[in-house]
Amino acid sequence: MSNKHVSTLKTLLVVAGAALAVRRAMRSRTPAPAPRTTSAPERSGRGPSGIRARRLLVTAHERVADGVVRIRLEGHDLPRWEPGAHLDLVLPSGLVRQYSLCGDPEDTSSYTVAARLVEDGRGGSREVHEQVQEGTELEVRGPRNRFPLVEAPSYAFVAGGIGITPVLPMLRALPRDADWRLLYGGRSRGSMPFLEEVEKLDPDGGRVTVVAEDEDGLPDLDAFLTGLPGDAAVYCCGPQGLMAAVGERLPEGTALHLERFAPRTTADGDGEFEVELHRSGRTLTVAPGSSVLAAVRSELPDTPYSCEQGWCGTCQQRVLEGEIDHRDELLTDSERGDSMLICVSRAKGTRLVLDL
């Protein structure tokens, strides 16, 4: 080997040795990575539609009318809310139900709701009445408000039974000199929650009309709405029939605000249609009077759902093809472009394709 090659080889060995020394020094100063561990996933603190969730303690559970209980849920630094807002309550069974807030919007230590027992319902209200009690901890989502009190020259409120719960905070919030009137109806005075408080808001007796059907018959909506200014804001919460009757009697252009706790229905939108499950390769038939959810769960029983009323968002699915008949009160306009709540919404045509 020539002297030149030997010199070159020595140079390479020196450089390699220096590089190795540097790497060793760096490793001695850099801590080794921590071993990878696994743990239970942390709660996200949000519901299916990104709504903030928190756990609150039931500190009061009391009867306030026949078949109606008032529930107080306590926590810390709770968000303030505005009249018309409601909460999603996740019951111990996992069912999700919505209840209007009827306490003080400025109280950041508690929320108050009221629930009527629905004898022929699907079990949620019975669970609230019979299983939820003082000391129960519930997951709560919200508050959310799709029934806000707007500014208007005058107001007319129509409440049926438990429908008084979102209206009561509105009445408290109105200025003393506001022009308002209320028609509050129920089966009997004993079945009408917060009746005494409502009557105290009208000490002179000129604004509140109370109609107990066992004493007075059905409320006279025509008389109540007669002479209503065209720029008045009309608020109605109660049974579907009551809300429909109020809407039929209002002149065109009058602002009507409704609070629904049942899915919307249409006269001619309940026909049969097909649903194709894109990833599963199956095509299902949704019969009149049935739901997409029921059809899907017959094939995919693990499909998540909860409220079955279009409020909680648990059953939201992506739609790849087809025109949707949205009947929920939850999705935003952007979400409605390519997704639906399959518990209540249907097809406007004869076919939908879901990403399932």
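**Exercise 1.** State how confident this predicted model is overall, and find a stretch where the confidence falls below 50.

*Solution.* Across this predicted model the mean pLDDT is 85, and 83% of the residues reach 70 or more. Turning to the N-terminal part, residues 1-46 have a pLDDT below 50, and beyond near neighbours in sequence this stretch makes eight contacts in the model.

**Exercise 2.** Work out the strand order of the open five-stranded sheet and explain why one side of β9 and of β11 lacks a neighbour.

*Solution.* Begin with the order, which reads β9-β8-β7-β10-β11, with parallel pairing. β9 (208-212) and β11 (255-259) stand at the edges and each has a single partner strand, so one side of each is left without a neighbour in the sheet. Neighbouring strands are turned by 10° against each other on average, direction ignored. Next, take one pair in detail: β7 (residues 154-160) and β8 (residues 179-186) are joined in the parallel sense over seven bridges, and F157 has L182 in β8 as its bridge partner. Finally, add helix α7 (residues 240-249), which lies across β7, β10 (233-237) and β11 and runs at about 160° to β10.

**Exercise 3.** Decide whether C315 and C343 are bonded or unbonded, and whether each is buried or exposed.

*Solution.* The criterion for a disulfide is a pair of cysteine sulfur atoms within 2.5 Å, and by this rule the count is zero. For C315, the nearest cysteine sulfur is that of C343, 3.7 Å away, which is too far for a bond. As for accessibility, C315 is buried at a relative accessible area of 4%, and C343, at 11% relative accessibility, also counts as buried.

Key
Residues numbered from 1 in each chain as written. Predicted model: local features only at pLDDT ≥ 70, side-chain atom pairs only at ≥ 80, totals over all residues. Heavy atoms only, no water. Pairing = 2+ DSSP bridges. Helix = DSSP H or I, 4+ residues; strand = E, 2+ residues; numbered from the N terminus. Axes fitted to C-alpha atoms, helices over the stretch in contact; angles between N-to-C directions. Contact = heavy atoms within 4.5 Å. pLDDT = per-residue confidence, 0-100. Buried < 20%, exposed > 50% of the residue type's maximum accessible area, 1.4 Å probe, protein only.
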